[in-house]
Amino acid sequence: MAVFRSGLLVLTTPLASLAPRLAPILTSAARLVNHTLYVHLQPGMSLEGPAQPQSGPVQATFEVLDFITHLYAGADIHRHLDVRILLTNIRTKSTFLPPLPTSVQNLAHPPEVVLTDFQTLDGSQYNPVKEQLVRYATSCYSCCPRLASVLLYPDYGIGEVPVEPLDVPLPSTIRPASPVARSPKQPVRGYYRGAVGGTFDRLHNAHKVLLSIACILAQEQLVVGVADKDLLKSKLLPELLQPYTERVEHLSEFLVDIKPSLTFDIIPLLDPYGPAGSDPSLEFLVVSEETYRGGMAVNRFRLENNLEELALYQIQLLKDVKHTENEEDKVSSSSFRQRMLGNLLRPPYERPELPTCLYVIGLTGISGSGKSSIAQRLKGLGAFVIDSDHLGHRAYAPGGPAYQPVVEAFGTDILHKDGIINRKVLGSRVFGNKKQLKILTDIMWPIIAKLAREEMDRAVTEGKRVCVIDAAVLLEAGWQNLVHEVWTVVIPETEAVRRIVERDGLSEAAAQSRLQSQMSGQQLVEQSHVVLSTLWEPHITQRQVEKAWALLQKRIPKTHQALD
């Protein structure tokens, strides 16, 4: 069976009956679609008969909101699918609703296949039904000219079509702030304008629930605050966050797809209150279980400033059934960023000038990041490790290639009585003095690079195929021309300061000053191919390194494996 990049799933079964069948339906869809799956809810629609079926409004009830949440939760097991539930025909209880659109809606990724759970009388791939399905899909959405159609029920096999269950309400997932009891069939109120906020990094299904509920409640405008700058500092692995512009681009495409009739105002969120705390035209705010207290704080802030409280809608967190021991048990961007550790983030450098049978990794990271411990773990897996600090010591030693040039540049008063360079005295000369530091690095960096090349030749003679250059100043020195990939070890600055104080006996101020003189973790990651972190227990770090090593073995060109 063909696999299509994008598809449209038209669900016609009543929602209460459909809920238990979502898993097999989504699994069937996932076998046919490998990128974007749009979902169109039209419960009760028939695809049989000569007349072309028309899209009709679906009353927005709490059952519909719960169903949307459960559908996104169920789809999370198929993470290759970018699922988007289309909301154009879902209507809240309001008198100011615009009519349903009569024109065809253009989707960001035109569907190549349309699927449905509609069950024909004989349970077969009844062609007239498939033709009606194609006509219906093309009348609602912009589809590819050669749209294929699939009825999903035959995928159950003979006699496997589920029996219609009783009309059992879905578990409640949406809570208005007031503790008023509600029934599944209770209509949802609509509002002119509302707000929702978040980081929206690597838009996932929990984000989509939050945004979808907000889009259903809003009738004219939705203000979306996207966390930026200071609000990102406390995030886990902030170096791996998508840039603000990229997050906004993905967010905008999703929102316009699911409800093009709304006006979206996407703005940077720079403080905890954002526009929700100050905009008098807003009427509601959608929050998650985690941010509910923040929503309450927003309302207190509004009351203090003589503004009306916002109606709060609280969304239940989606559970992540695939989370590992060091990840959150909810669907979260933090876990997604953790899973990026050890992966190749950008193509390696082409380095034809390096030894053909040696693949070179440049390992870097801020002071206190645990870079040296990662280097030792890689050595344990078979890598040849070059320590640039050791090369520097060799270069400074009497008779070493840097000894005479450094003494000539800085004078004999930097020497101990025995003639050895006093690196503390030398360091005090260059620290905080850019001109003096440049004189020193112009001497040292080319010499260390030459020594590193000699060590790489030694790695070749020893039959090694992977070499790691452990260097804190790898990128500042321009040594990326010596490597195929740059691997960076990241750690929060507060943790790095704690480690430096504990390891080197410095004051916190001195540790912070040392970090400020280096490239930041963010700057390093922007030029890196692989990112690792020593933030967790040693066995977690070991698993990261083993993962990175295993993936490296798969992509190393065969020429570098010749000596195995």
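Here a biologist and a modeller talk through some salt bridges and one sheet of a predicted model.

Biologist: Let's start with the whole structure. How many salt bridges does a search find?
Modeller: Happy to help! A salt bridge here needs a side-chain nitrogen of Lys or Arg within 4 Å of a carboxyl oxygen of Asp or Glu. Searching the whole structure for such pairs gives a total of 30.

Biologist: Take Arg84 and Glu253, whose side chains meet in a salt bridge. How many residues apart in sequence are the parts that this pair ties together?
Modeller: The N to O distance of this pair is 2.6 Å. Arg84 belongs to strand β4 (residues 82–86) and Glu253 to helix α6 (residues 244–258), so the bridge ties together parts with a sequence separation of 169 residues.

Biologist: Is Arg84 buried or exposed?
Modeller: Buried means under 20% relative accessible area. Glu253, at 31%, counts as partly exposed. Arg84 has a relative accessible area of 4%, so the word for Arg84 is buried.

Biologist: Next, Glu220 and Arg193. Which strands does this pair link?
Modeller: Their side chains meet in a salt bridge at 3.4 Å, N to O. The two residues are 27 apart in the chain. Glu220 sits in residues 218–227 and Arg193 in residues 191–198, which are strands β10 and β9.

Biologist: What about Lys319, which meets Asp329 in a salt bridge: is Lys319 buried or exposed?
Modeller: The two side chains come within 3.9 Å, N to O, and both residues lie in the loop between β13 and α8. Asp329 is partly exposed at 40%. Exposed means over 50%, and Lys319 has 57% relative accessibility, so Lys319 counts as exposed.

Biologist: Now the sheet of five strands. Which strands stand at its edges?
Modeller: This sheet is open, with parallel pairing and the order β4-β2-β1-β6-β7. An edge strand here has a single partner, so one side of it is left without a neighbour in the sheet. The strands placed like that are β4 and β7.

Biologist: Within that sheet, what is the bridge partner of Phe4 in β2?
Modeller: Strand β1 (residues 4–11) pairs with strand β2 (residues 33–41) in the parallel sense, over seven bridges. For Phe4, the bridge partner in β2 is Val33.

Biologist: One last thing: at about what angle does helix α4 run to β7?
Modeller: Helix α4 covers residues 127–140 and lies across β1, β2, β6 and β7. Neighbouring strands of the sheet are turned by 20° against each other on average, direction ignored. The angle of helix α4 to β7 is about 125°.

Notes: Residues are numbered from 1 along each chain as its sequence is written. This is a predicted model: local features need pLDDT of at least 70, side-chain atom pairs count only at pLDDT 80 or more; totals for chains, interfaces and linings use all residues. Side-chain values use heavy atoms; hydrogens and water are left out. Helices (H or I, at least four residues) and strands (E, at least two) are DSSP runs, numbered from the N terminus. Buried means under 20% relative accessible area, exposed over 50%, partly exposed in between (1.4 Å probe, protein chains only). Two strands pair if DSSP finds at least two bridges between them. Axes are lines fitted to C-alpha atoms, for helices over the stretch in contact, and angles run from 0 to 180 degrees between N-to-C directions. Contact means heavy atoms within 4.5 Å.
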